[in-house]
Amino acid sequence: MANIAHVAEHTTRSLIDHLPLLQVLVPFCAAPIIVLIGSRRLAWPLAFISSVVSLIISIILMLSVREGGYITYSLGGWAPPLGIEYRIDATNAFVLTLISMIGAVVLPFAYTSVKDEIRTRDHSLFYACWMLCFTGLLGMVATGDAFNVFVFLEISSLSTYVLVAQGASKDRRALTAAYDYLIMGTIGATFFVIGLGMLYMATGTLNMADLADRISDQGANRTVRSGFAFIIVGMGLKVAMFPLHLWLPKAYTFAPSAVTVFLSATATKAALYVLMRFVFSVYHPDFAFAKNTLEIIFLPLAIIAMFSASIVAAFQINFKKMLAYSSIAQVGYMLLGIAILNETGLTASLLHMFNHGFAKALLFMGAGALVLRTGSSFYLQISGVGRKMPITAGAIVIGGLSLIGVPGTAGFLSKWLLIQAALERSSDNSLYLLVALSVVLSSLLAVIYVWRLFEVLFLREPDLSIPISEAPVMMIIPMWILAGSCVWFGFSTDLLYDFANQAALNLLGGSMGMSDSVLNLGTN
């Protein structure tokens, strides 16, 4: 009995030690298993179980680094910087939790939605690509190797193109949307890998922590500055930063509803994390070229996105397309927090990343439920549906209020912190008063397009000739989990704020982990 207990204890400890790798490996292995088994009935359960396991792992990792410090895991017994390492700190643990949480919550919604929108024979392919996309997003965030970021970026991108194209069974325009996304995504990935090549040429390393040390020691030569420019453009395209956003509206509008829900809440967030990691950890704002890029380029483009995309959203007549343009505006808020360049602004950006992920996933779920019952997301077809689907419409209302930033919802805190961050900088530069004002005014534009949606759902007369019932339970449950989260985090703000603030401090510390507290894991 003593020997058995000892073996069990050793096995448990080994599994915990490998969590940084298992976070990515579990969904990665699920994809080929789904294909090899070939059973459409088992595809969804395997995907769901893998997502739940990844969520549990990400929560354990986040709790492990919540006080600072980081976990490093070297692959194959090769110590970094020669070998590839996964490095988990408060910043990427925060983003990993968002991605895995959305992945686990969306799949129950997808169970019904996918049956309606995608041909039965393609279900195994669909869930295999879903797992690969999930793997790529987690890998981009977890890895501490710059070239590994590119590898996982390509894994997520290639599978995303297939997922978007799956919408062609309902609307052939999904094919052109996927093609446009492929072209723009390939350009972005090319820019990114060219930037990495320049960094490798200048420093001789691709480990991000080692890159940061060498750039700091060597200073900013022309090759390092050029690499920074290529990386910013490449990841800016993946983030859908204005004016590099043209792929997003079509992809979100014509992709299957479940795909849109997942991508809107995770894909741009993972890319934004990579952008933040390079700006603050690899280069650091003390690098004058990076600081000038944030203040001269990011700041005005973020404000333009907040206003222009919101105005376009207000004139849309399609629920999903309105939400797509809203996403571009919300990315503007996240970039604005980065560009303000203080602790409060960076905390606001990370918080808004999390809050927007929940609210936008909820709203796109609502759109998917309406598509299931009415066959369309155009306002004309969903007029008055809120009276016939009150449970679904109630969740949409909560998501819309959080998107605006109404007090009592999760979206309020992040926008309030953005205003506070701008006011803090206004003591040095009075122009930041205008930045604070722009956050308020652009939020009022969000009131316009969200109110228009509410008017369509509740104040217009429904078509009584069309029998419409409430959405299925498998759709309602994940919607209300997210709706409840939007309200819960709107009132209980300390938990998310503490995690986001620690993540911001890590980034501002300029390293891949501020503290000397480090747990070395690996296979050696």
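This report describes the overall build, the nonpolar core and some backbone features of a predicted protein model.

**Overall build**

The protein contains 21 helices and three strands. Its radius of gyration is 22 Å, close to the 24 Å that the globule rule gives for 524 residues, so the protein is as compact as a globular protein of that length. Along the principal axes, the C-alpha atoms fill a box of roughly 70 × 70 × 45 Å.

Of the 524 residues, 60% are buried. Among contacts between residues at least 6 apart in sequence, 81% join residues at least 24 apart. The exposed surface of the protein comes to about 19,600 Å², and carbon and sulfur atoms supply 67% of that area. As for charge, there are 29 positive and 27 negative side chains. The centres of these two sets lie 13 Å apart.

**Nonpolar core and helix α11**

The largest nonpolar core has 183 residues. Y127, F192, F278 and F319 are the residues with the most contacts inside this core. Helix α11 gives the most to the core, with 19 residues.

Leaving aside neighbours within four places in sequence, Y127 is in contact with I34, A43, W44, A47, L107, A110, Y111 and V114.

Helix α11 spans residues 257-283 and includes T266. The relative accessible area of T266 is 0%, under the 20% cut-off, so T266 counts as buried. Not counting residues up to four places away in sequence, T266 touches I99, I102 and L137.

**Backbone features in loops**

Two residues other than glycine, A240 and L341, have positive phi values. They are set out below with their places and relative accessible areas.

| Residue | Phi | Place | Relative accessible area |
|---|---|---|---|
| A240 | near 70° | loop between α9 and α10 | 1% |
| L341 | near 65° | loop between α13 and α14 | 18% |

Both A240 and L341 count as buried. For L341, the value of 18% is under the 20% cut-off, so this residue is classed as buried rather than partly exposed.

The loop that holds A240 lies between α9 and α10. P243 is also placed between α9 (222-239) and α10 (248-254). The peptide bond from F242 to P243 is cis, with omega near 5°. L341 sits in the loop between α13, residues 319-340, and α14, residues 343-374.

How values were computed:
Residues numbered from 1 in each chain as written. Predicted model: local features only at pLDDT ≥ 70, side-chain atom pairs only at ≥ 80, totals over all residues. Heavy atoms only, no water. Helix = DSSP H or I, 4+ residues; strand = E, 2+ residues; numbered from the N terminus. Rg over C-alpha atoms; globule rule 2.2 N^0.38 Å. Buried < 20%, exposed > 50% of the residue type's maximum accessible area, 1.4 Å probe, protein only. Contact = heavy atoms within 4.5 Å. Areas by Shrake-Rupley, 256 points an atom, 1.4 Å probe, with all protein chains shown as cover. Lys, Arg positive; Asp, Glu negative; His and termini not counted. Charge placed at Lys NZ, Arg CZ, Asp CG, Glu CD. Core = buried A, V, L, I, M, F, W, Y, C linked by side-chain atoms within 4.5 Å.
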